[in-house]
Amino acid sequence: MKLATLKNNSRDGTLVVVSRDLSRCVAVPHIAPTLQAALDDWDSSQPTLQAVYAELNAGKAADARPFDANSCHAPLPRAYQWADGSAYLNHVELVRRARHSQVPESFFSDPLMYQGGSDSFIGPRDPIIADSEDWGIDMEAEVTVVTDDVPTGISAADALEKIRLIMLVNDVSLRGLIPGELAKGFGFFQSKPASAFSPVAITPDELGNAWRDGKVHLPMQVDLNGQPFGRPNAGQDMTFHFGELIAHAARTRDLEAGTIIGSGTISNKQGGLNGSSIRNGGVGYCCIAEVRMYETIETGKPITPFMRFGDQVRIHMEDAHGHDIFGTIDQTVTRRSEA
């Protein structure tokens, strides 16, 4: 099943069921006015939403209308919890190598995770707003899951059963602001602006065999200014699967329905700077910081610039037949005064 939220005059938008091919949708206020409302009562709402989905795909939904991703908000325009992990330790290892340091052994058994701002997400076609290019504007393409209620102390295996939806996210980072914030020892805040999620959230069964072992085994596709930038496989080199990430987040607290857990920047192990870019036969990157790490490790300094005003990033994922699964995140970096 595929679900989306259309923008309206309210904060939380209108829940719609979207056809598998992303061409049509049906508003379902009689089932749940918002996606959060559906998640709050998932056992009751899911079968009814699924029935609408079946009718829509069969061409029998009389009230169907064209689906326009430009009209979408984030599937959850705001959430009770947004916790982002760093499950791809290749990314962490590159950061450490660029700083001439080692990854602590604990990182291989205890996931990295921070609590992000969840009060205001933005839509998949909304601009990335910044005041200055000196902020070091960077995309971060990730997979996320949305949970049901999760009890404290849940096992990783049981946590997998609590996953209700899967989405993509562009978790924008302002690299120029991160060092100063982390130096304070209290984590990210100003360096992590509002995240943009894929137009559509899907139930795991939509992925078929590509969803297994708590991972999405498909390439994440990132284009920068119309050119292929990244194609790493999200199921490869993921040290911690989503069950482990959820269990980590729920170690000392309950998680409420609608909690979003992120994978962190997708990163595959590759053969260095000359072999990692797509033009050189590699799978590329899901953030600019990663190629800058390769450059620092191999040449002594970063060369590739972060995003500038007017730059465009597109993020999506296709199935084995080349069909867009979640819809495309398509954003342009925009100066605040011009937004």
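Ala, Val, Leu, Ile, Met, Phe, Trp, Tyr, Cys and Pro count here as nonpolar, Asp, Glu, Lys and Arg as charged, and the others, Gly among them, as polar. With that split, the second largest pocket has a lining of 11 nonpolar, 6 polar and 3 charged residues. The model is predicted.

Stay with that pocket for a moment. The second largest pocket holds about 420 Å³ of space. Its lining comprises 20 residues, and those closest to its centre are Leu 224, Phe 229, Arg 279, Tyr 285 and Thr 304. Three elements give two or more residues to this lining: strand E17 (227-230), helix H7 (273-276) and H8.

E17 also has a strand partner. Strand E16 (residues 221-224) pairs with E17 in the antiparallel sense, over 3 bridges. Asp 223 stands opposite Pro 228 in E17. The two strands form a hairpin with 2 residues between them, and in this hairpin Asn 225 takes a positive phi near 55°. Most residues other than glycine have a negative phi.

Two Asp residues call for the same check. Asp 213 has a positive phi, near 55°. Asp 213 lies in the loop between E14 and strand E15 (215-216). Its relative accessibility is 55%, so Asp 213 counts as exposed. Asp 237 has a positive phi as well, near 65°. Its place is the loop between E17 and H6. Asp 237 is partly exposed, because its relative accessible area is 25%.

Now move to the largest pocket. Its volume is about 910 Å³. The lining has 31 residues, and His 91, Val 95, Arg 99, Arg 175 and Phe 188 lie nearest the centre. At least two lining residues come from each of strand E5 (82-85), helix H3 (89-98), E6, H5 and helix H8 (288-299). Which element gives the most to this lining? H3 does, with 5 residues. By class, the lining of the largest pocket divides into 15 nonpolar, 7 polar and 9 charged residues. H8 thus appears in both pockets: H8 supplies at least two residues of the lining of the largest pocket, and H8 gives two or more to the lining of the second largest pocket.

Phe 188 leads from this pocket to the aromatic pairs. The structure holds 7 such pairs. In one of them, Tyr 114 and Phe 188 meet edge-to-face, 4.9 Å centre to centre and with 70° between the planes. Tyr 114 lies in strand E6 (residues 113-115), while Phe 188 lies in the loop between helix H5 (178-183) and strand E12 (196-197), so the pair ties together parts that are 74 residues apart in sequence. How covered are the two partners, buried or partly exposed? Tyr 114 counts as buried because its relative accessibility is 18%, under the 20% limit. Phe 188, at 27%, counts as partly exposed. Phe 188 has a charged contact too. The charged end of Lys 192 sits over the ring of Phe 188, 5.8 Å from its centre.

Another aromatic pair joins Trp 211 and Phe 242. This pair is tilted, with 6.5 Å centre to centre and 35° between the planes. Trp 211 belongs to strand E14 (residues 211-212) and Phe 242 to helix H6 (residues 242-249), so the pair ties together parts that are 31 residues apart in sequence. Trp 211 and Phe 242 are buried. Ring pairs also link Trp 82, Phe 121 and Phe 197 into a cluster.

Next come the strands around E10. Strand E10 (residues 163-170) is mostly covered, with 8 of its 8 residues buried. Strand E9 (residues 141-147) pairs with E10 in the antiparallel sense over 7 bridges. In that pairing, Thr 147 stands opposite Ile 163 in E10. E10 is joined to E12 by 2 bridges, and these strands run antiparallel. Asn 170 has Ala 196 in E12 as its bridge partner.

One enclosed space remains. The structure holds 1 cavity of 30 Å³ or more. About 40 Å³ of space lies in the largest cavity. Its lining consists of Thr 5, Asp 12, Thr 34, Leu 35, Gln 36, Pro 75, Leu 76, Pro 77 and Arg 78. By class, that lining has 4 nonpolar, 3 polar and 2 charged residues.

Terms used: Residues are numbered from 1 along each chain as its sequence is written. This is a predicted model: local features need pLDDT of at least 70, side-chain atom pairs count only at pLDDT 80 or more; totals for chains, interfaces and linings use all residues. Side-chain values use heavy atoms; hydrogens and water are left out. Rings of Phe, Tyr and Trp (its six-membered ring) pair if their centres lie within 6.5 Å; planes under 30 degrees apart count as stacked, over 60 as edge-to-face and the rest as tilted. Helices (H or I, at least four residues) and strands (E, at least two) are DSSP runs, numbered from the N terminus. Buried means under 20% relative accessible area, exposed over 50%, partly exposed in between (1.4 Å probe, protein chains only). A charge sits over a ring if NZ of Lys or CZ of Arg is within 6 Å of the ring centre and within 35 degrees of the ring normal. On a 1 Å grid over the protein atoms alone, a cavity is a set of points where a 1.4 Å probe fits but cannot get out, and a pocket is an open set with protein on both sides within 12 Å along at least five of seven lines; lining residues have an atom within 4 Å of a point. Grid points are joined across faces, edges and corners, and a volume is the space filled by probe spheres set on the points. Two strands pair if DSSP finds at least two bridges between them.
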